[in-house]
Structure formats: C-alpha cells, structure tokens
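Student: Hi, could we go through this structure together? I would like to start with how its pieces are arranged.

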Amino acid sequence: MSSTSTVDNPFFARIWKTLSNYEPESLRRLRAENLAGLTGRVLEVGAGTGTNFEFYPTTVDEVVAIEPEHRLAAVARQAAVSAPVKVTVTGETVEQFGSAEPFDAVVCSLVLCSIEDPDTVLQQLFSALRPGGELRYLEHVASTGYREPLQRLADATIWPRLLGNCHTHRHTEENITAAGFAVEGARREWTMPSWVPVPVSEFAIGRAVRPA
C-alpha cells in the first residue's frame, strides 16, 4: 500500500477480485464473527472488493471504507449498494485518511500484512478511535514449524510482488499491542488444513481496545 498516492496495481486487482469470489466458507465465517456486535461509526481499512460489507450488523450506523486501489474501490462501491448498513468507500490510502470525528471501531481484515509501515498505521488507527473504542482484526500471521521458513522464503521472493505487498510472516498482534491497544479475546484459526503447504492458512482473529 502506498503512503503517498492512490494505488494502481492492475495485476493484484485482477487476482484479488477472483480470490474474493471463491473465498472458503471457513474464511467467510471468520469475517462474520469479526464484525459481530459492532455498533456506531466504523472505519474499515483496506476494504478490497467489499467482501465484509454483507456481514455488518444493523447496529452499525455508518461504515467508512478505505480502499486505495481504484479498480477494487469500484467493485467495493457496487457491494456497498446492497450492504445492510450505510457504507461510504473512499479511495485514499490509510496514511492519507483523516477524520474530524473519532470512530467507535476500526476493522482490519487481511490488510495489515500489506501496509509498508504497520506500526505507524496502527498508531494512526489508535488515534482515530474514541477512548474505549475497539479494533477488530482478522489477519494471517507468522507461523512456526515448517511453515515459518516457507513464509520467510515467500516474503523474500515473489509473494509481495504478486499480491499487493502482502507479507506472510508478520507478528501482527505484537504490532497491535505496541501501538497501545489492549488485546482481548484473541485466538488462532486455520482456514485450510494445517498440513497444506501454503503460507497464509493461519489467521489471528481478535478484539483490541483503546484504553479509556
């Protein structure tokens, strides 16, 4: 994700649109769980094709969804039309985004892996929340065992280039805690059997609160 301009990545956009259409049910279930119980005003970072939109509960007043890749943003705007809540899609990068009003929640789904400087962005998201507000995250994370060297190899070679700067071996929950959040109710889930040799099968799902 660029820190200075709208993203233009036609190859990744094409891949992501295809992948979004064929997400496994295990991942769709986690998306729904990650959004359950949200209320008020929500900021979603890296909305992609708007895959999350259908899962927002009607207790949410408004979703402001950031998606800087303009091809994906166009698809997300189409998805917003049929969402059960009001969704506004903006084409800014998260680094560029600013709001005069604080948010009740921030949602990050499969995006912190691709941000160039996750520590700085998480501090920005911390500031965007009201005290007591929460970060809901669903992110693939650094694994151990035989998958660790597989992830490191992927990150050092073609994976980020093909998949929009995605890095598979990130300690995302450590970054979240370092930004000042208090992590609650976190756990790990596999979206495919653990023996399948792909670097992005293990996900962290959790809730992190900005202390009041």
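Student: Which strands does helix H4 lie across?
Tutor: Keeping in mind that this is a predicted model, helix H4, made of residues 118-128, lies across E1, E4 and strand E5, which covers 129-140. With respect to E5, the helix runs at about 140 degrees.

Student: And what order do the strands of the sheet have?
Tutor: The sheet is an open one of seven strands with mixed pairing, and its order reads E3-E2-E1-E4-E5-E7-E6. Strand E3 (87-90) and strand E6 (182-190) each have a single partner strand, so one side of each is left without a neighbour in the sheet. On average, neighbouring strands of this sheet are turned by 15 degrees against each other, if direction is ignored.

Student: How many bridges join E1 to E4, and do they run parallel or antiparallel?
Tutor: Strand E1, residues 40-45, and strand E4, residues 103-109, run parallel and are joined by four bridges.

Student: Which residue in E4 is the bridge partner of Glu-44?
Tutor: That partner is Val-107.

Student: Switching topic, how many disulfides does the structure hold?
Tutor: It holds zero disulfides. For Cys-113, the nearest cysteine sulfur is that of Cys-166, at 3.8 Å, whereas a disulfide would need the two sulfur atoms within 2.5 Å.

Student: Is Cys-113 buried or exposed, and what about Cys-166, buried or exposed?
Tutor: Cys-113 is buried, with a relative accessible area of 4%, and Cys-166 is buried too, with a value of 8%.

Terms used:
Residues numbered from 1 in each chain as written. Predicted model: local features only at pLDDT ≥ 70, side-chain atom pairs only at ≥ 80, totals over all residues. Heavy atoms only, no water. Pairing = 2+ DSSP bridges. Helix = DSSP H or I, 4+ residues; strand = E, 2+ residues; numbered from the N terminus. Axes fitted to C-alpha atoms, helices over the stretch in contact; angles between N-to-C directions. Contact = heavy atoms within 4.5 Å. Buried < 20%, exposed > 50% of the residue type's maximum accessible area, 1.4 Å probe, protein only.
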